[in-house]
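Reader: I'd like to walk through this structure chain by chain. Can you take my questions as they come?

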Amino acid sequence: MNNFSWYNAKSIEDALTQVNSTASNEIYRQTEKAAILKAGGTDLLDLMKEGLLQPKTIVNIRELPGLDKIEFSNNDGLRVGANSTLAEIAAHEDIRKHYIAFAQAAGDAATPQLRNMATIGGNIAQRTRCWYFRSYDHPCFRKGGDRCFAKNGENENHAILNNGSCVSVHASSVSTALMAYDARVVIVNSKNETKEIPIADFFVAPGEDPLRETILEADEIITHIRLAKPASGTKAAYIKQGARESHDWSIADVAVVLEMNGKTCKRAAIALGAASPVPLRSMRAEGALAGNQITHEIALEAATLAMERARPLAKNGYKVPLFINLIQEAILNAS
Amino acid sequence: MDTRKEKFPYGIPDHNLTEIEREIPADEPPAWPVNDQLQEVGKRRIRVDARAKVTGEAKYTSDIRLPGMLYAKILTAKVPHASIRNINTQEAEKLPGVHAVHILRNEDNSYPDVKYVGQPVAAVAADSLDIARQATRMIQVDYLEKPFVIDVEQAMKPEAPLVFDAPIARQADGGDVGVVHDGSKGQGNLRGPSTSSFFGGPRGDLEAGFSQADVIVEQTYRTQVQTHVPLETHGVVIDWKPEGMTVYASTQSTKDVRDELADYFDLPKSRVRVICEFMGGGFGAKHSTSPYGPVAAILSQKTGRPVWLMLERKEEHLMAGNRPNSIHYLKIGAKKDGMLTAIQQRSHGTAGVALGAGVGRVAQILYECPNFATEQYDVLTFAGPGAAWRAPGNVQGAFGVEQAIDELAEKLNLNPLAYRDKIDQSEVRKVLRQRGAKQFDWSRWKPAGSSTGTIRKGLGVAQSTWPRFVDLDSTVEVKIYRDGAVEVRSGVQDIGTGTKTIMAQIVAEEFGLKTADVIVRIGDTIFPDAPGSGGSKVTGSITPPTRNAAYKAKMELFKQIAQQWQTDATKLVASNGMILHKDDASKKVSLKEALQRMRTGQITASASRSDDYGGFAQPWGLAHGHLGSVQFAEVTVNTDTGMVKVDRIVAAHSCGRPINLTQIESQINGGVIQGVSYALYEDRVMDEATGHMMNPDVDRYQIAYSMEIPAIEPIIVEEYPALSSTDAYGIGEPANIATAAAVANAVYNAIGMRMYEIPITPARILKALNHLDQ
Amino acid sequence: MKEDSNKSDTNGFTRRKFLRGAGITTAGSVLLNTGLLAADFHSAPETGIYMGPDAVTVQMQINGQMEHLTIEPRTTLATALRDHAGLTGTKVVCDRGSCSACTVWIDGKPVNSCMTLAIDVGGREVTTIEGLAPGGNLHPVQEAFIEHDASQCGYCTPGMIMTCAHLLKENPNPTLEDVKIATRGNLCRCGTYPHVFKATLAAADKMK
């Protein structure tokens with residue numbers, strides 16, 4: 001890491017006054033005065049140690065008051081401060097009770113040590129783990145380069161859906177669960193304006209802008225994640241598959257939230273992680289479940305529909321049967 | 001040489017234990033009885049350095065901090081093949097805190113050609129590692145890039161870019177012993193074949209053998225490149241002063257590092273002192289400090305300061321060694337009764353820019369077979385050099401051979417364990433199979449495909465063999481002090497195997513002390529020379545000198561006591577902290593008091609070891625007989641996710657006379673876990689288009705962690721070959737050879753589809769089960 | 001475990017510790033060389049202060065001792081411990097948070113010191129392997145690691161022990177599965193896990 005100045009922000013306003021860029025903006029660049037935010041810092045330090053990022057100033061927001069609270073009420077649902085750690089989320093009783101897929105996804109991410117450090121805000125804003133993106137020596141699309149090295153390269157972990165220009169998958173498996181819960185991301189800017197964005201709109205697909213993965217601008221901070229109170233009869237399941245159980249990036253993960261009326265599924269949300277460059281909801285699969293009783297057959301039908309448009313690359317064809325099996329299992333687990 | 005005759009325990013207790021008379025050097029100690037009649041040897045004893053390890057007090061090379069010390073960092077090549085036109089270090093040199101920059105050059109001052117990504121190009125010494133890292137990024141290297149090839153099969157083609165256009169010799173890394181890798185034979189990148197080992201060359205007539213066969217298995221097995229990932233990376237701290245060079249090295253061989261650096265800088269060996277008190281893992285790759293050791297020495301010389309140079313994790317993956325991959329063709333024929341008629345073996349593998357990618361000796365010697373031939377080819381590629389890795393070649397070899405034996409058993413309609421009973425001549429493995437099968441309950445085994453549903457269970461077995469190597473240049477010094485201290489000293493290093501502790505146990509046994517009472521000072525070349533930790537040879541090489549030296553020191557002390565008691569020294573025994581007269585109960589003195597009565601302040605005895613009692617199979621130190629291993633694996637395969645989980649391994653092993661049961665179990669656990677990790681997870685992923693390793697970390701380079709650990713049940717079978725004053729041997733390598741094959745056989749048993757390639761990832765299982773093309 | 005009363009106030013200092021302790025000596029991560037040290041703790045400034053990029057002297061509570069370390073902002077906690085505080089028991093293995101060899105406790109929770117900036121420690125308390133059992137004693141987990149041969153080369157051992165000791169603090173009655181789950185981030189390349197599991201379970205028994 002090159003040296004940098006350190007600024008301990010005292011308030012959101014203070015932080016947004018000091019900051020002038022985002023980590024994504026600064027990848028591969030050495031802007032004279034780049035000042036960027038740091039919360040838990042785990043992804044930031046990783047990028048910096050690889051030499052991908054060399055900010056001049058780090059504005060620390062980890063200590064900002066109020067951003068580490070987790071609150072639940074029957075009226076407002078869940079409000080998770082952006083600085084809440086994954087460990088705190090995984091252990092939180094209300095989350096475990098009402099949003100089990102979220103708790104599980106947070107608890108399955110990374111290692112116990114990293115979960116004590118990594119924040120939910122940083123988790124959804126982290127950059128892809130595509131090994132070409134993470135390699136300084138591979139100037140890919142996402143770093144402003146002219147190609148995707150993975151497309152015809154080592155792509156066993158890569159996308160099987162929406163894998164056009166860039167075939168990376170999104171790194172945050174927690175986001176898969178948040179997608180299934182229709183979470184909303186609360187963002188405040190330097191003009192003290194607050195906006196609340198559906199999480200699906202928070203992510204930016206490479207086709208829209210290869211250089212970024214979220215809509216976050218330099219003068220914005222995620223303050224909270226909000227999840228509505230689940231309707232009665234809501235059931236959920238989350239399954240993450242890595243190549244190794246101890247800890248691993250997902251090779252496929254699925255979050256299913258079902259609103260059940262007795263044995264009939266009123267509404268389904270099925271989200272897939274590690275399938276495409278941004279976390280994905282499968283409307284086709286959801287449509288197959290809505291209004292139906294959940295059986296093995298219908299679960300398989302939904303799972304198969306979710307993979308209907310899969311276009312595996314040379315080395316990741318295995319992900320198609322894997323997703324079909326995991327989606328089916330998650331639906332059955334939830335119901 | 002004066003000799004005497006002595007009777008030794010011989011064979012396997014509770015099986016065929018008997019006595020044998022050996023003619024031994026007169027000054028070597030009397031035969032020990034079997035372990036249950038000893039006090040310290042063969043028992044469970046706490047590691048003598050355990051406290052230092054659990055408190056963080058243990059100082060590894062990476063922990064050495066000397067006054068004025070600088071931190072160094074190596075700049076490595078970013079391209080796989082290039083000549084270097086220019087290196088500009090101006091910016092780096094200007095960075096505050098930078099003290100020296102060194103550029104690697106050929107003898108004629110030109111820049112060496114780059115042959116792989118990760119090859120050292122230059123190095124920086126600075127006040128901190130952060131500054132050194134920053135400075136290396138500021139060095140500009142102007143590469144003239146050239147074509148390269150990464151894939152083994154592509155590299156073999158005549159039109160492939162050449163790694164070297166001249167014959168090369170095997171790089172000596174001290175770790176491998178076995179098949180001769182001849183880089184002068186062959187054409188282009190395809191070097192070899194190696195057709196012989198120290199067990200000889202081809203036997204019989206393959207064609208005739210196959211014509212006698214009733215069943216034949218013919219298959220190709222593939223293994224991946226595995227990197228060592230010792231937790232402490234390779235590295236040194238070098239303090240080069242006019243009077244000499246002091247080297248703290250994370251090494252498996254203090255002796256080799258001293259010789260290497262003395263040779264490199266043309267210094268007398270006495271002017272190079274190498275120290276390795278604690279060492280954070282090596283697994284075969286840490287015999288040499290090339291190329292970073294000389295770099296650190298030069299930086300120390302340039303700056304007049306001590307220089308700390310530990311590789312970073314990425315550099316460790318790229319330049320510090322790996323287990324080469326293998327494409328391993330086997331054709332094995334057998335008669336209806338199961339007896340093998342012919343084994344044909346051909347392998348290709350790449351150790352990158354180095355040689356040594358064979359498949360070992362398993363096919364040659366594990367089972368008797370009159371007709372045998374092997375051709376083992378090295379394929380040079382533009383990738384980091386391979387190095388010895390726990391049973392070099394043989395792990396790859398066993399993965400194929402022990403699956404092929406299972407395939408033969410299936411064709412012959414035989415239980416795989418019963419089939420091995422039939423064709424395996426080894427007495428010790430017979431006992432290992434019996435005891436292992438009982439512990440494992442092998443009677444549960446059913447033919448492949450018996451398990452159905454999503455969660456399928458499978459059982460498998462595989463076995464292996466490892467020679468007993470001895471390094472005769474192994475010397476130990478035992479010092480006893482008037483103040484009561486008993487100390488053992490040697491240059492040998494303890495790489496985590498527990499060498500310090502077994503030396504203490506042996507000295508304690510000889511003096512009638514407790515293991516914890518013995519002071520062990522090793523890992524320093526100011527002490528007598530001792531073996532490198534490779535080939536599982538340390539225990540067999542260092543324990544006899546340890547005992548011999550302790551015995552000599554003890555006899556010197558006994559002589560003095562005997563004089564006082566007016567008796568003969570041979571009448572005295574040391575037991576329980578006392579020196580006693582065998583025949584006269586009234587004559588006794590505590591060891592402590594006896595030491596106080598010594599005529600001199602210290603008695604020092606130094607000893608090496610003789611040739612094996614009864615001689616060697618090869619005069620350079622190859623003992624008769626082998627170390628046996630039989631491993632049983634129980635796995636679960638989830639057909640939905642493709643996940644394989646190894647639930648349980650029963651690992652039955654022999655290592656001569658066991659010295660410390662707990663430490664042996666620890667090493668067996670380690671060998672098994674590394675084998676499981678190799679079978680299921682680890683894989684160096686190379687990007688063929690750019691020549692880069694894509695997972696030079698411990699994140700995407702996947703190793704077994706806690707959740708991947710099976711229940712491991714080690715079985716240690718005592719075996720007394722009556723070959724030395726301790727009869728003890730190592731266990732490092734044997735513990736690692738059979739595991740991947742046992743797991744693969746169990747996976748086949750679970751799903752009825754054989755995995756011919758490791759690692760057996762969810763991707764490979766799902767591909768097989770879903771009949772996917774790719 | 002949440003300790004709201006122990007959370008940092010807007011100064012980045014731990015008010016409770018400040019009030020409890022003898023003024024500035026218990027405050028963490030204080031800039032000593034800019035004259036700003038005397039910043040009024042009671043009237044919080046609206047904005048923070050810049051530190052670095054050159055080395056600054058910070059105070060840090062390590063193993064119950066207040067240490068003054070002169071470090072650059074880029075210095076990780078692992079480097080600060082090893083190269084500045086002389087505490088080399090904490091090991092750096094992957095330097096990316098994947099192997100947990102560098103595990104230390106911050107305010108009693110295990111974290112990766114290689115992915116933590118030293119300057120970011122603030123008023124929180126750091127516990128390393130050297131401070132796990134002060135006064136030359138051994139923690140029961142350390143004793144059990146010795147007894148059950150839970151280290152081979154020993155390089156993962158400090159991090160492994162910090163992880164296992166934390167588990168027993170949180171869960172005095174762990175099962176084998178609990179120990180495996182707790183150590184799932186700790187890499188041991190020698191493959192000592194079975195003895196680590198055994199030692200941790202034995203330590204739990206002993207601590208009852």
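Author: Happy to. Domain bounds here come from an automatic or database domain assignment, and the model is a predicted one.

Reader: Good to know. Which residues make up domain 4 of chain B?
Author: Chain B is split into four domains, and each of them is put together from two stretches of sequence. Domain 1, for instance, takes 36-59 plus 471-607. For domain 4 of chain B, the two stretches are 426-468 and 621-769.

Reader: What distance separates the centres of domain 1 and domain 3 of chain B?
Author: Domain 3 of chain B is built from 162-228 and 322-399. Taking the centres of domain 1 and domain 3 of chain B over C-alpha atoms, the separation is 43 Å.

Reader: Let's look at a helix in chain B. Is helix 13 of chain B enclosed or open to the outside?
Author: Helix 13 of chain B covers residues 499-511 and reaches 19 Å from its first C-alpha to its last, close to the expected 18 Å. A residue counts as buried if 20 or more other C-beta atoms lie within 10 Å of its own. In helix 13 of chain B, 13 of the 13 residues are buried, so this helix is largely enclosed.

Reader: And which residue follows helix 13 of chain B?
Author: Look just past the end of the helix, which spans residues 499-511. The residue there has a positive phi, near 70 degrees, and is B:G512.

Reader: Are there backbone oddities in chain B? Is B:D14 buried or exposed?
Author: Most residues other than glycine have a negative phi. B:D14 is not a glycine, yet its phi is positive at about 60 degrees, and it sits in the loop between strand 1 (3-10) and strand 2 (18-25) of chain B. The cut-off for exposed is 12 or fewer other C-beta atoms within 10 Å. B:D14 has 9, so it is exposed.

Reader: How many other C-beta atoms lie within 10 Å of B:Q566?
Author: B:Q566 is another non-glycine residue with a positive phi, about 55 degrees. Its place is the loop between helix 14 (538-565) and strand 24 (572-575) of chain B. B:Q566 is exposed, and its count of other C-beta atoms within 10 Å is 7.

Reader: What about cis peptide bonds? Where does B:P193 lie?
Author: Most peptide bonds are trans. The one from B:G192 to B:P193 is cis, with omega near 10 degrees. As for its location, B:P193 is part of strand 9 (residues 190-194) of chain B.

Reader: And where is C:P53?
Author: C:G52 and C:P53 are joined by a cis peptide bond too, with omega about 5 degrees. C:P53 is found in the loop between strand 1 (50-51) and strand 2 (56-62) of chain C.

Reader: On to chain A. Which are the edge strands of the sheet in the order 9-10-11-12?
Author: This is an open sheet of four strands in chain A with antiparallel pairing. Strand 9 pairs with strand 10 (residues 252-261) of chain A over eight bridges, with A:A236 partnered by A:V257. An edge strand pairs on one side only, and here these are strand 9 (234-241) and strand 12 (280-281) of chain A.

Reader: Which helix lies across strand 9, strand 10 and strand 11 of chain A?
Author: Helix 6 (residues 100-108) of chain A lies across strand 9 and strand 10, at about 20 degrees to strand 9 of chain A. The one lying across strand 9, strand 10 and strand 11, at about 30 degrees to strand 10 of chain A, is helix 13 (residues 319-334) of chain A.

Reader: How do the chains meet? Which element gives the largest share of the side of chain C that touches chain A?
Author: In this contact, 33 residues of chain C meet 27 residues of chain A. Strand 1 and strand 5 (109-112) of chain C each supply at least two residues. The largest share, four residues, is from strand 5 of chain C.

Reader: Which residue is the bridge partner of A:Y7?
Author: Strand 1 (residues 5-8) of chain A and strand 1 of chain C pair in the antiparallel sense over two bridges. Across from A:Y7, in strand 1 of chain C, the bridge partner is C:Y50.

Reader: And from chain C to chain B, which helix gives the largest share of chain C's side?
Author: The contact takes 41 residues from chain C and 43 residues from chain B. Helix 3 (140-147), helix 4 (157-170) and helix 6 (193-207) of chain C each give two or more residues. The largest share, four residues, comes from helix 3 of chain C.

Definitions and conventions:
Residues numbered from 1 in each chain as written. Chains lettered and ligands numbered in written order. Predicted model: local features only at pLDDT ≥ 70, side-chain atom pairs only at ≥ 80, totals over all residues. Contact = placed C-beta atoms within 7 Å. Expected span 1.5 Å × (residues − 1). Pairing = 2+ DSSP bridges. Axes fitted to C-alpha atoms, helices over the stretch in contact; angles between N-to-C directions.
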